Structure formats: structure tokens, C-alpha cells
Amino acid sequence: MVSGWRALHSGWVRLLRYPGVFGLLFSLNLVSATLLALPLALLMVSVLGRWPLLIQQAAHGSTLRVVLELVLAGLASLALGTGSSAADTAYALSLTLLGGLIVAVLLPLMAWLPAAFLGGGVLLTYAEWPNSPHWRRFVWGCWRWFGLFLLVGFVQGLGFVLVVGPFLLIGFGVYVAVGWPGWIGVGLAVLLGGVWQIWCELMRAASVVYKRCSLGYALGAAWQFIRQRPLSITLCFGVPFAMLLFLHLLHRWIWLPAASSTGWWVAWLYLQLSVAVRLAARLWRLASGVALVQGESGLSLPGQEN
Amino acid sequence: MRLLFRCSLAGVILSCLFSLLSPSLVSYAVAPNPVASYILDVTLDVGTKRLRGHEVIHYVNRTSEAISELVFHLYLNAFRSAETIFLRESGGVHRGNRWDPQHPGWIRVDNIRLDDGTPLTLEEVADGTLAHAVLPTPLQAGETFTVELDFEAQLPRVFARTGFVNDFFMVGQWFPKLGVWEKGVWNAYPFHANSEFYADFGHYDVTITLPQGYVTGATGAQVAASTQPNGNQTVRYYAANVIDFAWVACPRFREAERRVGDIQVLFLYLPEHRWMVRRVLNTAEAALTRCGRWYGPYPYGRLTIVDVPDDALGAGGMEYPMLVTAGPLSVLGLSRGAIRSGVDRSLELVVAHEIGHQWWQSVVATNEAEEPWLDEGFTDYSTLRLAGEMDGPGGPVLNVGGQVLSYLDMHRLVYATAPHLPMAGRAWEFSAAEYSVVAYTKPVLALLTLERMLGEETMLRIMRAYFARYRFAHPSTEDFRQVVEEVAGQDVAWFFDGLVYGSGVINYAVTSMEGHEVLVSRQGELSIPTEIRITFADGSTVFEQWNGEETVHRFAYPDRPRIVHAAVDPDHKIAVDLCWADNLLTSHVQLATVVALAAQWIYRFQDVLLALGGLW
């Protein structure tokens, strides 16, 4: 058995031991985002390049304004007739928005599929600490748990929609109708969401540590961990969660406003740094979870072969 | 003559009463020759939601034409059956609120007589929202009369600005009110769905009896209060130089007050809306201060702002002299949560708008039925200015995660749905959707365009002059035109002939750019002088003036470097320009902008991938 602190320490060591994992995920994140953003930006520039006002607004992040101008251009072309320049603008904007819609559909797929695929390799690498990184094992891990992690991802999403969502809705409804008591519902939703997130991450960690590929096993093992070691788990996951939250707050309220006032390339570098730090915080949490599960190997787990 | 003598005598007595009341009880504006003054004594039966009242009207004929009959508005009759003009035109729905046939509203007048006891016969006309009574002797120019009547009124369940919901009472348009005698006729129309009101200035002395425990608010100031052993209370309000009188009552009202200069602001709010208090009072302070500075001082010593319950929103967002109603109303149709969280800034906008009406309706009392753009348009133009000063350029109405929709955006959007409509026109000649364009959005954009074309300082001088000249009066569009032309000293036909009376639209665009030439075009029938900014490859810039009379104009500069950038109306002064996206054209795509765009989107997608992926 290891304590939450020891798991955190071990997770940190594992994070630093395998910078390649971090590098791979960061690069993949950047490449995926670029693959989505670049065609859209080029499409917008090619069809709207003659009217830089909209591109400037989009570059400032004013998506709503771009949509508004599209609607206005459409309405103007109705009022003025098809021969007007507003009709050309409306057509060009429509093309851009169509591209935006396609990207919006692709975005969740680009997020979930690679994450589900890479999850096995990442957790296996951390589980095999202190061995040297081995890319063939990494890829094997990816493939081995891809199906299960897809399923876990689906179950995780379902849990959020069916359990956490209603609490959020009820909390919001009470807030609207009554006021501050609504925050109780929101707080409960956040708590439930946190617990569910930890449960799902423990399911993945337990599957990899015990080399199992069964959803039922993963659910049971994770539940047993939560029941038996609530304090260690709270610490082990709570600290990285808190750090992530702290980083988000710093990012939104201090760093981002400061970066906005600099040149675009300084802001760009800063934003990449921000993504990297947040990614590292997540990987720290995953590695700590693996360390915790490994430390619990003395426990009797359903179907465990000793 | 005998009748007139008696009327005049009563008038003298009433005048004495009013003159005794006004200086000692309230420090209002200098009396602007009141025309129709009312003494009302009303009892509210909170069980049956019914009013029983006695009314005394003191009227002075300040025109040169003799008056042979009286015409009264009986507005509550608009809600007595589905067959009224109001309910037929509106389909029983007003601002999203439905008329409840189980709780209709109506008003009956009994025992109408001159003060000498001569009975008059009141006959309903049209759908019962108007009634007329022939005078035994015409009232000559400069003469006065006093008429008395009893009335009984049933309040409807809250609908179209008036009524009850549970223990909340919004009592507006509740008493028989005279039309406006002008140009030899009574200016009074049946109550139409889109139309609002028009009345003469006068003094109001109103006594209200209702159960103890009810908190009241009203036009004017409370000057007396007493309780009776039967469990009732009587409150008395007095208001000088106003065009209407409305009041509210609810036992759950809480009071919050703030002093803004010489003005006492009272906010009557419901306990569940305590979160509104600071926001409403801050907005009220900003509105009173700024409108006072821009147009002229608020002439009354008091302003009451009334909150409405969530299930009585039909009473919210309405202006009366010295009293406005607000509440959790969203101009975007969003939820109360969005308003409360500040994502939707409708609360501030509604309060600012209704307070703006104190200048453009209550004091400069234009005819809301015949020329709605003069009060709603001016008021919403003021609201836009206020929102801009309070919350930043354009006045954000929606702010979600940094995505901002401004009040100006909203107006541009609504305007573009029906830009061909003239602003001038009677309220009921338009559908509800058209009314919102002609009374609100087009006037806002037109006035903003006028401001940007003439300069803010000139515009404010116009508005101040207009306010000073027509306060406590009933100006028309042509009166405003005269002031504009006098103060601005230039031809603004594009505004009046083009936008107010005309149906033309405008869209300026830079349509092509070839080497040393640029082509700008005007699409639509309207032309407004504008400016062209042309930038050359060496970084130099020229500004050209263009009257916009031709549909296409070519600017050529053979002796200068090639043109890289051209913009028509570069500062977006012409807010009625239907599409701003095509006002600017460049010879080539600027790499820095493209890179900035790509960088922005890449980061945003990285963020989403991190959030959705779980692993990253």
C-alpha cells in the first residue's frame, strides 16, 4: 500500500522519467489542432480575403461577430437583390461557416479517438516504471486497451449526461428560481462529476496495471479502490485537480489578459506554454493514479491472479 | 354662459388647490400651463381586483378652437373580450404574454356630469376604448370647465402593461382620460395593439384606498397617508405637470432608495429579486445623470422604479411619468438565470430605456400613436448611448465567454429584417415585427448615423435645443426637423426624406481595386454623403469625400503608387449601412492577419481537444 503523497511523488517521478510521452501528446495535440484550424483559416482567407474586416474580427476571436456579419450580409442581399456585393459576402461567409460546422463535428472525434487509443500506451509506460521507455511496448499498450478505453469513454460520457447533467440543470434551475440554494445543486454536480472522473481514471489504471480488458472488472476494481482508500485517492487526484484548476484561473484571469497585449508570436508562445503546463498536470494525475493502483496490489481484487 | 361661469369658478378653486399643493409639497418644474388636471379618489378591492373611483377633471381650452364634445379613453375596455381592436390585432398576445379570457379587464363610467350638476351622456365608440359626450355649450378658447364622473374598473390578469397577479397590482391606464384637443379635433384613437398613449399635461391629485400592509408606489410623490379602523389605509399622491398617472401595490414590496443629485430614486422590489437592487440603482443613477447632462435636467424631484413578479412580466418594461417598471425581462428572450448572471444585460438596458422615456415621452410628450419613432426611437438611441458609456462600445447585451453581442449589433440585425419601412407612420399601420423596426431599431440607427455625421457635440446641442423648446409640449417630426436644421446649419434631407419618411436602403461597398484605381458603389435607393480612405503602397493615405449620389464612382490616382487598401465609410459612421463587411477591400491578403487568425484558432482547438480528450 502506498499513501496518497507517495503516489503523487511517484507519479511526478514517472512524469519526468518519460518526457517522450509528454512530448508525443503535446505534439499530437498541436498537430491535431493545426490540422483542424489551418484548412478553416485558409478557407476563410481564400473566400473572404477581399474583405479583411471579417478576418480581423475572427482573428480577434469574435466568432459571434463573424456569424452576425454573415446574417447581416444575408439579410442585406435579400433587401438589395442578388447583384449586390452583400450577396457575394454572404456567400463567402456561408462557405466559411460551413467549414466551421464540419470542424465542429470533427473536433470531438479528434479528441476522443486519439485519447482512447493512446491511453493504454501512456498508462502502460507509467506502469512499467522504472524501465526504459520502449515504443514498441507503447504501441502494443495502445492497441491492447483501445477497445476497452473506447467503451470506458462512452460509459464515462453517459455517466456525465445521465447523472451529473441533471444535477447541474436542477442546480441552475433552483438558482434561477430561488437564488443561492441553486449553488448546492451545482456543487453536488461538481462533486459527483469529480468522483465519476476519478472512478473512470481508476478503471483505466486498474485495467492496465492488472493487464485486464474487461469493463466489468475495471468497474469493480475501481469501485473497490474508492471504497477502501478514499483518503489516498482524494489526495492523489485532488492535488493535481486543484493544480489544474489553479492553472486555469491563472490562465484566464492573469496570463491571458497579459498575453493579449503583446505581439501575436509572444502570445502564441505563451499559449503553447499554457497548454504544455496543463497537459503535464494531467499526465502527473494519470501517473499518480497508476502508482496508487500498483501500490494497492496487495488488495484482493475481483478476478485477480496472485 | 352660466355653465361656463360655473366651470370657470370651479376651475379657479381647483387651480387654487393645485397651486397650494404644488409649491409646498413638491418642488417640480415651473408649471407649463396645464391643460387637463385630475383629482382621483379610488378604492382597490384586492379580492375582486376591482377599482371604484370618483374623478374630477379640470380642463382649460388653450387652443383657438371651440370644443363641442369630450372624448375619453377607456383603455381597460381593450381587454374585455377577444373582439376588441387590441386583442384582434395582437391575437391576444402582447410581448410574449397572453391575455387571459378568464380574467378580462373593463371600465364603466357612471354619473358623468358637469360640476354644476348638468348630466352628460357618455357613449362608447369603436370597441369601447373611446367614449364621447356632447357638451351642452361649446367650450370657447381660453375657457375652462370641470367635469365629474364615477367609474368602476376591473383589472385584467396582467397583460399589456396593466393588471394583477396574485397580490401584485400594476394599475396603469385605469381611469377615464381625455384625449388631446388639437387642430380643432380630439386626437384620440381606439386602443390599438402596437399603439401607446398621448395625453395633455396636467396636475394629478390621487387618493388611493386599499388594505393595510400593501406597499404602494406611483407617479408623483406621496403627500399623505392614514389608516382606518376597518383595516384599510389611504395614501395620497400628487404629481404636477405630467401626462399620466400610474400606480402599483403589493404587500411584498421592499424599498431601496438612492439620491441622485436632487432626485430621490425609489426602487420597489420583490424579495426574490433582491439581487437586482444594486444593478437597478446603479443604472438609474447613470441614466439620470447622463440624460440630465446630455439633454436637460430631469424636471421632477422623484423617480419610482417598480419590479414585477416573474409571472407578471407583462407589467414590466413600461414607462409612466415619474414611474417606470422593470423586472427580469430579457430583450433576447433568454432566461432569468442569464440576466441574473450578467451574461444577458437586459436588466440594465430595460431600466435605462424606461428612464430615458422620462425625457422622450414624459416631458417631451410626442404622440406615441401617430409618431412612435419620436419617443421609442429617441429613447432607445439614449439607451444605446447609455449602454455604451456604462459597459463599453456598442453596449454589450450578451457576453458569453468573451463572445459579445452589442445593443448596436442587435439593432442592426433587427433593422436588416425590414429596412424598407419608413420610420414615420401610425403605430397600428405596422405589424408587431415591423413596429419594432420602425419605432425602435431604424430610428436608433438613423439617429446614431446623424450623430456620427454631424459630430457628437452638434448632436447633443440639437437634442438639448429640442428638449428645451418642447419640454411639456407635443412636438412632431417636423418640429424636430426644424431644430436639427437650425442647430446643425446643414442639409440633412437624407435623414428626414430618406430615412424618416422614405423607404430607401443603403449599402456602400468597395467593389474593385485595380492598380491605381478603385471603384466604390452605392447599392440601394438612399444616398448619404460619406468618406473614402485610400491607402497606397508607400503607406500614404488620402481621404475623399463622396456624396454618394451616383451608384458607382471611380477614384483614380495614376501619379501615385498602386492602391493597397480602400475603405468606404471607414469609421462606420453610417449605422444604417446594411452590410459593413464589404466596406473595406485590400489588394492582397495580409499575411500577419492570416497568421494571427490561424494562431488564434489553433490555440482554441488545442484547448477544446484538451478539455474533451481527458488524456490531454
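Helices here are DSSP runs of H or I with at least four residues, and strands are runs of E with at least two, numbered from the N terminus. Keep that in mind as you work through this predicted model.

**Exercise 1. Describe the build of chain A: what elements does it have, and how are its residues packed?**

Step 1: Start with the elements. Chain A has 10 helices and zero strands, so with helices and strands picked out as DSSP runs, its pattern along the sequence is just α-α-α-α-α-α-α-α-α-α.

Step 2: Look at the overall extent. Along the principal axes, the C-alpha atoms of chain A fill a box of roughly 80 × 55 × 35 Å.

Step 3: Check burial and contacts. Of the 306 residues in chain A, 50% are buried. Take the contacts with a separation of 6 or more: 76% of them join residues 24 or more positions apart.

Step 4: Turn to the surface. Chain A exposes about 14500 Å², and carbon and sulfur atoms supply 76% of that.

**Exercise 2. Find the backbone oddities: which peptide bond is cis, and which residues have a positive phi although they are not glycines?**

Step 1: Go to the loop between α5 (85-127) and α6 (135-177) of chain A, where A:P130 is found. The peptide bond leading into A:P130 from A:W129 is cis, with omega near 10°.

Step 2: Move on to the loop between α7 (182-209) and α8 (215-228) of chain A, which holds A:K211. Its phi is positive, about 50°, and A:K211 is not a glycine.

Step 3: Now hop over to chain B. B:N111 isn't a glycine either, and has a positive phi of about 55°. This residue lies in strand β6 (residues 106-114).

Step 4: Are these two buried or exposed? Partly exposed runs between 20% and 50% relative accessibility. A:K211 sits at 38%, so it counts as partly exposed; B:N111, at 47%, therefore counts as partly exposed too.

**Exercise 3. Work out how chains A and B meet: how many residues take part, and how much area is buried?**

Step 1: Count the residues. Chain A brings 73 residues to the contact and chain B brings 57.

Step 2: Get the area. About 5700 Å² is buried between the two chains, with carbon and sulfur atoms giving 70%. On the chain A side, A:L64, A:L72 and A:R282 supply 9% of the area buried against chain B, more than any other three residues.

Step 3: List the polar links. Across the interface there are three salt bridges and 12 residue pairs in polar contact. One of the salt bridges joins B:D409 to A:R65, with the closest N and O atoms 2.7 Å apart.

Step 4: See where chain A's side comes from. Elements giving two or more residues include α3 (52-59), α4 (63-80) and α10 (264-295), but the largest share, 15 residues, is from α2(A). By type, this side divides into 50 nonpolar, 16 polar and seven charged residues.

**Exercise 4. Take a close look at B:T216: is this residue buried or exposed, and what does its side chain contact?**

Step 1: Locate it. B:T216 is found in strand β16 (residues 215-218) of chain B.

Step 2: Apply the cut-off. Buried means under 20% relative accessible area. B:T216 has 9%, so it's buried.

Step 3: Check the contacts. The side chain of B:T216 makes a polar contact with the side chain of B:Y237, at 2.8 Å. Beyond its neighbours within four places in sequence, B:T216 also touches other residues, among them B:L210, B:V235, B:V248 and B:L268.

Technical notes: Residues are numbered from 1 along each chain as its sequence is written. Chains are lettered from A and ligands numbered from 1 in the order in which they are written. Side-chain values use heavy atoms; hydrogens and water are left out. Buried means under 20% relative accessible area, exposed over 50%, partly exposed in between (1.4 Å probe, protein chains only). Contact means heavy atoms within 4.5 Å. Buried area is the accessible area (1.4 Å probe) that two parts lose on being put together, summed over both. A salt bridge is a side-chain nitrogen of Lys or Arg within 4 Å of a carboxyl oxygen of Asp or Glu. A polar contact is a pair of N or O atoms within 3.5 Å; within protein, one must be able to donate a hydrogen and the other to accept it, and residues adjacent in sequence count only if both atoms are side-chain atoms. Ala, Val, Leu, Ile, Met, Phe, Trp, Tyr, Cys and Pro count as nonpolar, Asp, Glu, Lys and Arg as charged, and the others, Gly among them, as polar. Accessible areas come from the Shrake-Rupley method with a 1.4 Å probe; for residues, only the protein chains shown count as cover.
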